[in-house]
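Visitor: I'd like to understand how the labels on a structure are earned. Can you walk me through a few?

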Amino acid sequence: MSAIRVMPELLVSQIAAGEVVERPASVLKELLENSLDAGATEIQVTLDAGGAKRVQVDDDGGGIAQDELGLALARHATSKIGSLEDLEAVATMGFRGEALASIAAVARVELVSRARDAAHAWSVGAEGGAARAARPAARAPGTTVSVSDLYFNTPARRKFLRTESTEFGHCDEAFRRIALARPDAAFTLKHNGRVSAHLKPQSLQERAAALLGAEFGAASVAVDAHGGPLHLHGLAGTPQAARNRADAQYFYVNGRFVRDRLLAHAVREAYRDTLHGERQPAFVLFLELDPRGVDVNVHPAKTEVRFRDARGMHQFVFHALQRALAPSAADAPVSYASVSAPGPAIQAALAMHEPVMAYRPAPAALPAAHKAPPLGYALAQLHGVYILAQNESGLVLVDMHAAHERILMEKMKLGLVAGAIERQRLLVPAVFRAEALDVATAEENREALEKLGLELSVAGPNELAVRAAPALLAGGDLPALARALLAELREFGAAQVLAARQNELLATLACHAAVRANRQLSMPEMNALLREMEETERSGSCNHGRPTWYQLTLGDLDKLFLRGR
Ligand SMILES: Nc1ncnc2c1ncn2[C@@H]1O[C@H](COP(=O)(O)OP(=O)(O)OP(=O)(O)O)[C@@H](O)[C@H]1O
Ligand SMILES: [Mg+2]
C-alpha cells in the first residue's frame, strides 16, 4: 500500500459527483432547484441528446454578482446557509454548496448571470474543475447555466448512460416533479430543438391536468388538512384516476419531492379501502411542517427525509388523506363525461347532507328540490344490471351489484370493528363438498371463522356445512363464500386475515353476497339501495375501485341530443 495522501480537489469533486450527479436528470434537478432558490418565476430548460450532450437552464431569478461568480462553482460555497442553526431550519432546496462544483468536475459548465442591479451580465466557465476568469456578457437579469458533455473526462461513468430516450425520460420526470410543485412559475422544456412542455403560471389543478393528464384533473379531490403545525394539501386521485403503475405519485415535504417509506405507507393505508388489488393511486400531495421537525440532510439527492416525530407524521397523513377520500356518494359525483364536469349547482345539490328520508312510494312528481335525496328516486331497472333513477339534476345510473357490494362491505366493517358481526342461524344448513385440507382448515380456524360470523361444521369426511352466516350475507351463495374464506385462511393464516387482509376478505365476502346481475328488484328495493348508498361512506366506488354510479345531467343529455345549440 502507498502512503496516505490528501486527495487533489478535482478527485474529491469527482467522487462527490458520483453521488450527486447520477445522470443528466440529476444535473437538471440541481439546476432547476438553484433557479427556484434564486426566486425565478420563469424557467426554460433546453436539453440535447437526452441531456447527455447538453442540459441548460435559463431563469429570471436574482442572479449572481460578478465577484461571486467564481465561488458559485467552488466546492462548499453557498449563499444559502452559514451555520448549523441555518441548516436545521433550511427552507431552500440547496444548502450544501456542492452541486455546481460536482457538476463542473465531470462536465463543461458555462455560467452566465446578471444580478438585478448590475449593468450587464458576466460569464464564467469551467471544464473538468478548472475555471476561467469572468468576462462580460449580454443577458437580461437572471442566470443561465449550461452543462455540456457530461462525463467527458470520466469515460467509465459515461458508459453507464442509457439510450437518449431513456435519459430524456428521466429528465422529463425530474422536470415534472419540480413543475408540479411550483404551479405559480412558468416552465418550458425543449428537447433536441422541439418544445415538449410549455406551462404558464396556473392553479395546481391545471398544472396537474397538464402534466398528469385530464383524467387526473377530473377525478381527484382537493386535500387541505391542518393538524397543529402540520399542513397537508394538494390533490388526491379518486379510484377512477387510479393507474396500473405507480407513475403518478408525487409527495413533497416542504416543497421537496421525496420518496419516503413511512409516508408511502401512510398513503397506501389511506387508499386501502377504496382501491382493491393492484391498482395504484395517483396523487400530488404537499406536507408542510416546521423545517426543524424534519432532517433533509440524509441523502445525496435529498430525496429521503427523516422526521423527528415519525409516528405522528404517519398518523396525520393517514387520517387527513383517508378523510379526504371517504366522502359518501352524496359528495362524490362522477360526471358523465370528464369534458362536462358538473356545474356548481349540481355539486351544491349533491353535497347537502340531508337526513335520509324513509322510502316513500315513488312519487308521481319529484318532491320539492330541497327535499329530494341526492341520488333521487328509481325509475326502472335496465337489463337486470343497472338502476335508472331521476334526481334534481337529471338521470342517475347505478351499477346495482357494485353499489350493493360496497354497502355490504362497509356494514361488515362496522360490525367487525364493534366486535360483533350479526349472525343468522340457518334452518337448513348449507352442505357442500370440501377437500380434506378445507375440512382441516375449518376445524383449526373455528374461532376466526366465528369472529367473521360464520359457523362451519364437519358433515362428513369430504363435506362441510354452513350452520350460521353473517346476517348481511345470508342471502348470498354461502358455500362459495365459505370456500373463499377457507382459501384465504389457508393461504394467509387467521391472524393475517383478521388484521392486515381484513379489507380484502370483506371485499370477497361482500362480492359473493351482493345482488347478482339479472335479479329483478322491486321499486322499493331499488329506492332502499339508493338511500343506503347515500348513507354509506366511500359508496362512490365499489370494493374494486370501479365507480358505482354516474350522473347524467340534463345538460349532458341536451348535449347528446344537440339541444339548445
Ligand atoms: N440559477 C442561479 N441563480 C442565482 N444563484 C445561483 C444559481 N445557481 C447557483 N447559484 C449560486 O451558486 C451557489 C452554489 O450553487 P450550488 O447548487 O452548487 O450549491 P447550493 O445550491 O448552495 O447547495 P446544494 O449543493 O445543496 O445544491 C448557490 O448557493 C447560489 O448562491
Ligand atoms: Mg443547488
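Guide: Here are a few labels, each checked against its cut-off, for what is a predicted model.

Visitor: Why is the pair H231 and H226 called a polar contact?

Guide: The side chains of H231 and H226 are joined at 3.4 Å. A polar contact needs N or O atoms within 3.5 Å, one able to donate a hydrogen and the other to accept it. The 3.4 Å value falls within that limit, so the pair earns the name.

Visitor: Where does H231 sit, and what does it touch?

Guide: H231 is part of strand β11, which covers residues 230-237. Leaving out residues up to four places away in sequence, H231 touches D224, A225, H226, F286, L287, E288 and F316. "Touches" is the right word because contact means heavy atoms within 4.5 Å.

Visitor: What makes N34 a polar partner of ligand 1?

Guide: An N or O atom in the N34 side chain is 2.8 Å from an oxygen atom of ligand 1. The cut-off is 3.5 Å, so N34 qualifies. F95 has a polar backbone atom 2.9 Å from a ligand 1 oxygen, and A99 has a backbone N or O atom 2.9 Å from one.

Visitor: How much of ligand 1 does the protein bury?

Guide: On its own, ligand 1 exposes 590 Å², and the protein buries 94% of that.

Visitor: Which elements give two or more residues to the shell around ligand 1?

Guide: Those are α2 (24-37) and α5 (99-106), and α2 gives the most, with three residues.

Visitor: What classes of residue make up that shell around ligand 1?

Guide: Seven are nonpolar, eight polar and six charged.

Note on methods:
Residues are numbered from 1 along each chain as its sequence is written. Chains are lettered from A and ligands numbered from 1 in the order in which they are written. This is a predicted model: local features need pLDDT of at least 70, side-chain atom pairs count only at pLDDT 80 or more; totals for chains, interfaces and linings use all residues. Side-chain values use heavy atoms; hydrogens and water are left out. Helices (H or I, at least four residues) and strands (E, at least two) are DSSP runs, numbered from the N terminus. Accessible areas come from the Shrake-Rupley method with a 1.4 Å probe; for residues, only the protein chains shown count as cover. Ala, Val, Leu, Ile, Met, Phe, Trp, Tyr, Cys and Pro count as nonpolar, Asp, Glu, Lys and Arg as charged, and the others, Gly among them, as polar.
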